[in-house]
Amino acid sequence: MKKQVICSTVFPLLCILLLFLSVEAQTCSPSGNIKGKTPPPGQCNQENDSDCCKDGKWYTTYKCSPPVSCQTKATLTLNSFEQDGDDGAPSECDNQYHSDDDPVVALSTGWYNNGKRCLNYINIHGNGKSVRAKVVDECDSTMGCDSYHDYQPPCPNNIVDASKAVWKALGVPESDWDEMDIYWSDTN
């Protein structure tokens, strides 16, 4: 009888503790801040309405992203991966530029996972449609406001930064290409 009482009391408490620890392990807290500085004239490419760092403004940085699931919630943003595009540099995965007509993306630092998703495909679901896109770059959530990052702020930790081809495939009118809530998953 004593065993039953202990098990019926301890087991639910153990389950609650494990659930709490599981939720805690899945959070993604900021890792720091970067103080912005005004870019030199002509040094911040604002194609696709990209932001430039502002002098004295503090920008949050992250080394992680929310956990990945079969339907990971994210914010889709617009990026050009072409040579004179707003990305500023060749893609991290292959040191190449990519046409805006190709469905390619950059993922926030945590999801990029030190390049482990490089050149793999993800499925993006939004606007009632889906598209398959290749991961070619990192949207750096740890650094920014410097020449290497085209004087743009660090990426938030939940970004899928996509080429025009992705937006077109999702059927989003060009006038709405800015930010959009989406879900994404790794392809099988």
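Let's start at His149 and look at what surrounds it in this predicted model. Setting aside residues up to four places away in sequence, His149 touches Asp140, Met143 and Gly144. You'll find His149 in the loop that runs between strand S6 (129–139) and strand S7 (159–162). Even though it sits in a loop, His149 is buried, with a relative accessible area of 14%. Its side chain also has a polar partner: the side chain of Asp146, at 2.6 Å.

Now hop over to another pair, Arg117 and Asp186. Side chains of opposite charge can pair when their charged atoms come close. Here the side chains of Arg117 and Asp186 do that in a salt bridge, with 2.8 Å from N to O. The structure holds one salt bridge, so take a moment to find where its two ends sit. Arg117 is in the loop between helix H2 (109–112) and strand S5 (121–126), while Asp186 belongs to strand S8 (residues 179–186), so the pair ties together parts that are 69 residues apart in sequence. Are the two ends buried or exposed? Arg117 counts as buried because its relative accessibility, 13%, is under the 20% cut-off. Asp186, at 33%, is partly exposed.

Finally, zoom out to the whole chain. The protein has three helices and eight strands, and along the sequence they follow the pattern α-β-β-β-β-α-β-β-β-α-β. Of its 188 residues, 39% count as buried. If you take contacts between residues at least 6 apart in sequence, 73% of them join residues at least 24 apart. As for the outside, the accessible surface comes to about 10,900 Å², and 50% of that belongs to carbon and sulfur atoms.

Terms used: Residues numbered from 1 in each chain as written. Predicted model: local features only at pLDDT ≥ 70, side-chain atom pairs only at ≥ 80, totals over all residues. Heavy atoms only, no water. Salt bridge = Lys/Arg side-chain N within 4 Å of Asp/Glu carboxyl O. Helix = DSSP H or I, 4+ residues; strand = E, 2+ residues; numbered from the N terminus. Buried < 20%, exposed > 50% of the residue type's maximum accessible area, 1.4 Å probe, protein only. Polar contact = N/O pair within 3.5 Å; in protein donor to acceptor, adjacent residues only side chain to side chain. Contact = heavy atoms within 4.5 Å. Areas by Shrake-Rupley, 256 points an atom, 1.4 Å probe, with all protein chains shown as cover.
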